Amino acid sequence: MASGQLSRMEALACSGCRHACHVMLYCDTLAQLEIPIRHIILMQMRFDGLLGFPGGFVNQSKETLEAGLSRELFEELGVVIPISVDDHVESRHAPNSSPSAPRLITHFYVKKMEEEQIREVERAAASTAADHGQEVLGMVRVPLYTTKGGGGLSSFLSHSFIGNARSQLVDALLRLKLVAPEELHRALTHSVKAHTQTAKDLQTAALSLTKRKEF
């Protein structure tokens, strides 16, 4: 078992721990741009500017993990999405934000849906969800392809993610065989280069702003 990873039973037996549940909703698709899109995976832009999966904290003393996750999904997406134990993928300890904070255990789920159901989630998230424009700034699709210029998945992976959401996405892509291992490796390699360039661009922008303040 990977470092920090727990069985579901071990996670539920953790006394005094907080629990956060998130889910990757996805479907197959025949849609195309210049290249086949193949699959649709939903993530969201959070209020803090980070990318993450839908979900949130669950009060394990009052609700099951799956019931709590379904509640969070209704608040964030505006539709009822039943989540079952069969959708559970992994549980793991999250790094402590401070020594005095209760330990946090994150639970990751994956649920396959029909394409029309995914589209309904996107519509409801933007029109009826209670958290839209507040905790959630919008839903985004993960580009699982590579463009001629090298963009697509590699550019997406270079963005900032909350917690271990990026590794959850990468692991799910491999586990479900949504992206070939060699294609994912190329995307990650290109993403590192893009991230380096982004850092340089930010440094240039900060320096430019500093010079403007001097005048």
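Here are three short exercises on this predicted model, each with a worked solution.

**Exercise 1.** Find which residues have the most contacts inside the largest nonpolar core, and which helix or strand gives the most to this core.

*Solution.* Start with the core itself: it has 23 residues, and Met24, Ile41, Leu153, Leu169 and Leu173 have the most contacts inside it. Next, look at who supplies it: strands S2, S3 and S7 and helices H4, H5 and H6 each bring at least two residues. H5 gives the most, with five. Now zoom in on Leu173: leaving out residues up to four places away in sequence, it touches Ile41, Leu144, Leu153, Leu178, Val179 and Leu184. Don't stop there, though, as a second, separate core of 20 residues includes Val23, Leu73, Leu77 and Tyr109.

**Exercise 2.** Work out which parts of the chain the salt bridge between Glu66 and Arg8 ties together, and whether Glu66 is buried or exposed.

*Solution.* First check the distance: the closest N and O atoms of Glu66 and Arg8 are 2.8 Å apart. Then place the partners: Glu66 sits in helix H2 and Arg8 in helix H1, so the pair ties together parts 58 residues apart in sequence. Last, accessibility: Glu66, at 6%, counts as buried, while Arg8, at 22%, is partly exposed.

**Exercise 3.** Say where the partners Asp28 and Lys112 lie, and how many residues apart they are.

*Solution.* Their side chains meet in a salt bridge, at 2.8 Å from N to O. Asp28 belongs to strand S2 and Lys112 to strand S7, 84 residues apart. Asp28 is partly exposed at 36%, and Lys112 is partly exposed at 47%.

Definitions and conventions
Residues numbered from 1 in each chain as written. Predicted model: local features only at pLDDT ≥ 70, side-chain atom pairs only at ≥ 80, totals over all residues. Heavy atoms only, no water. Core = buried A, V, L, I, M, F, W, Y, C linked by side-chain atoms within 4.5 Å. Buried < 20%, exposed > 50% of the residue type's maximum accessible area, 1.4 Å probe, protein only. Helix = DSSP H or I, 4+ residues; strand = E, 2+ residues; numbered from the N terminus. Contact = heavy atoms within 4.5 Å. Salt bridge = Lys/Arg side-chain N within 4 Å of Asp/Glu carboxyl O.
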